[in-house]
Amino acid sequence: MRKLVVGSTVLVVLAAGCAEGEQPVKTGPGVTDSTISLGVLTDLTGPFSATSQSRIKGYELFFGDLNDRGGVCGRKVELEQRDHGYDVDRALDGYFELEPRVLGFLDITGAPMTEAIEPDLVQTRALAAPASWSATLLGNPHMVVVGTTYDLDVINGLDHLRRTGAIHDGDTIGHIHLDSDFGRNALEGSVFAAQQWGMTLVPKAVQAGADVSAQVAELRTAGAKAVVLSTSPQQTATAVVAAAGWDAPFLVNAASYDPLVLRSEVAQAVVDRVLVVSPIAPFATDAEGPREVAEAFRRKFPDVEPTGSVDHGYAVGIAFAAIMEKACAERDLTRDGMLRAFQDTSDVDTGGLTGHLRFSLVGRPSSTRSYVSRPDPGTAGGLAVVEGLFESELVKLKGTRAR
């Protein structure tokens with residue numbers, strides 16, 4: 001890993017500087033003279049276990065390489081994992097067990113878990129990277145959101161459909177979304193795009209686990225030229241089946257797509273109809289960062305099938321390491337030192353795993369660029385890139401108005 005370890009030479013210099021500098025490094029929970037412990041509070045046995053396990057492999061790849069190069073501030077980074085099985089009570093138990101022992105949390109999986117833990121994070125001053133791209137987290141100075149938020153992803157995806165002629169100004173579009181933080185934030189993107197392009201938006205809110213066939217039929221009757229899906233992966237598969245004989249494309253948030261669907265009886269329909277918009281590079285992306293991650297993954301896990309979640313984990317590792325490096329440079333590896341470093345981290349190059357990350361703009365996404373891909377069973381990770389990282393002019397407009 002040449003450039004992806006946030007500049008390996010910089011890491012080694014920082015590690016040596018912290019170890020040998022005249023001024024001692026201030027430390028707090030999770031930091032010893034030789035190690036830095038980070039918490040991973042995730043779902044290894046519940047509905048998101050496959051995604052979580054792939055993301056953890058991304059963490060392992062990144063921090064394994066980082067530790068081989070000297071770690072951060074002369075310390076090896078260790079991960080302490082707890083499985084909550086997507087149960088809030090188990091997540092709280094795991095959190096309160098880990099919290100006194102870690103510098104921060106590299107992963108908190110699940111919106112309900114993040115919501116339950118968030119008040120205590122504020123009290124304990126710990127920094128956390130939730131496995132989420134919700135814009136509602138941006139105002140919290142303890143939350144490291146790595147990549148483009150759900151709403152901006154949707155705007156970028158709709159812009160791709162518009163530029164390729166799938167939709168036009170004045171058309172009707174539909175959006176089936178979970179009645180959740182994820183779904184509501186994604187819907188904000190459709191609302192903004194429809195307003196700017198004079199489109200009629202027909203939103204359909206659904207509950208987790210609900211059959212979405214009726215909503216697909218209603219959008220078909222309404223004459224929708226495209227449908228955005230911000231649902232569960234299972235509901236995405238159901239929607240595609242219900243749309244048989246209808247040629248409207250389905251634009252799907254990354255959280256709504258699972259490459260395992262390509263092993264099912266609806267695989268061809270998904271290939272024919274679905275486009276996935278994502279803040280993270282698909283595994284087989286032809287860019288420096290994803291290529292190097294893919295090579296490292298194949299060396300370490302030759303018998304494991306990859307997904308884009310590996311790249312997600314690696315990108316989060318890069319971001320968290322960049323923050324730790326900045327805290328090290330200030331000789332302050334306490335939680336308050338991490339918070340100050342986070343707010344001062346302005347340009348993290350992930351080599352195309354994401355757009356350049358900037359955390360110093362309070363309340364703004366760390367990136368505003370997205371990938372658009374199509375499901376492809378012949379591509380490693382199940383997604384083939386259709387359009388590389390880009391930012392819609394509409395996203396720029398929305399950002400200007402937000403400021």
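This tour moves through a predicted model, stopping at two sheets, the helices beside them and a few single residues.

**Stop 1: the four-stranded sheet**

Begin by selecting strands S2, S3, S4 and S5, which form an open sheet in the order S3-S2-S4-S5 with parallel pairing. Strand S3 (76-83) and S5 stand at the edges, and because each has a single partner strand, one side of each is left without a neighbour in the sheet. If you look along the sheet, the twist from one strand to the next averages 20°.

To see one pairing in detail, keep strand S4 (residues 104-108) and S5 on screen, where three bridges join the two parallel strands. Ile108 is a useful residue to pick here, as its bridge partner in S5 is Pro130.

Now add helix H2 (residues 49-68), which lies across strand S2 (35-42), S3 and S4 and runs at about 165° to S3. Follow the chain onward into the loop between H2 and S3, where Cys73 is found. Is Cys73 buried or exposed? With a relative accessible area of 2%, Cys73 is buried, and its backbone deserves a look as well, since the phi of Cys73 is positive, at about 60°, although this residue is not a glycine.

**Stop 2: helices H3 and H4**

Select helix H3 (residues 88-98) together with helix H4 (residues 111-124), whose axes lie 9 Å apart and which pack at an angle of about 25°. The two helices are therefore roughly parallel to each other, and H3 passes H4 in a right-handed crossing. To display the contact, show the side chains of Val88, Ala91, Leu92, Tyr95 and Phe96 on H3, and on H4 those of Pro112, Met113, Ala116, Ile117, Asp120, Leu121 and Thr124. By class, this contact of H3 with H4 consists of 10 nonpolar residues, one polar and one charged.

**Stop 3: from H4 to His142**

Leaving H4, move into the loop that leads to S5, which is the place of Arg125. Arg125 has a positive phi of about 70° although it is not a glycine, and its relative accessible area of 39% makes it partly exposed.

Next, go to His142, in the loop between strand S5 (127-130) and helix H5 (150-163). His142 counts as buried, at 3% relative accessibility. Which residues surround it, once neighbours within four places in sequence are left aside? His142 is in contact with Leu121, Val122, Arg125, Ala126, Leu127, Ala128 and Leu339. Two of these names have already come up on the tour: Leu121 takes part in the contact of H3 with H4, and Arg125 is the residue in the loop between H4 and S5.

**Stop 4: helices H5 and H6**

Select H5 and helix H6 (residues 181-197), which pack at an angle of about 40° with their axes 7 Å apart. That angle makes H5 oblique to H6, and H5 passes H6 in a right-handed crossing. The H5 side of the contact is made by Tyr150, Asp151, Val154, Ile155, Leu158, Asp159 and Arg162, while the H6 side includes Phe182, Asn185, Phe192 and Trp197. Colouring the contact of H5 with H6 by class will show nine nonpolar, three polar and four charged residues.

**Stop 5: the seven-stranded sheet**

Now bring up the other sheet, an open one of seven strands in the order S7-S6-S8-S9-S10-S12-S13, with mixed pairing. Strand S7 (200-206) and strand S13 (383-390) stand at its edges, each with a single partner strand, so one side of each is left without a neighbour in the sheet. The twist in this sheet averages 20° from one strand to the next.

Within the sheet, pick out strand S6 (residues 172-178) and strand S8 (residues 226-230), which run parallel and are joined by five bridges. Ile176 has Leu229 of S8 as its bridge partner.

**Stop 6: Val386**

Finish on Val386, which lies in strand S13, one of the edge strands. At 41% relative accessibility, Val386 counts as partly exposed. Leaving aside neighbours within four places in sequence, Val386 is in contact with His160, Leu275, Val372, Ser373 and Arg374. For a last distance to display, draw a line between the C-alpha atoms of Val386 and Leu260, which are 126 residues apart along the chain and separated by 20 Å.

Technical notes:
Residues are numbered from 1 along each chain as its sequence is written. This is a predicted model: local features need pLDDT of at least 70, side-chain atom pairs count only at pLDDT 80 or more; totals for chains, interfaces and linings use all residues. Side-chain values use heavy atoms; hydrogens and water are left out. Axes are lines fitted to C-alpha atoms, for helices over the stretch in contact, and angles run from 0 to 180 degrees between N-to-C directions. Angles under 35 degrees count as roughly parallel, over 145 as roughly antiparallel, 65 to 115 as roughly perpendicular and the rest as oblique. A crossing is left-handed if the near helix is turned anticlockwise from the far one by less than a right angle, and right-handed if clockwise. Contact means heavy atoms within 4.5 Å. Ala, Val, Leu, Ile, Met, Phe, Trp, Tyr, Cys and Pro count as nonpolar, Asp, Glu, Lys and Arg as charged, and the others, Gly among them, as polar. Two strands pair if DSSP finds at least two bridges between them. Buried means under 20% relative accessible area, exposed over 50%, partly exposed in between (1.4 Å probe, protein chains only).
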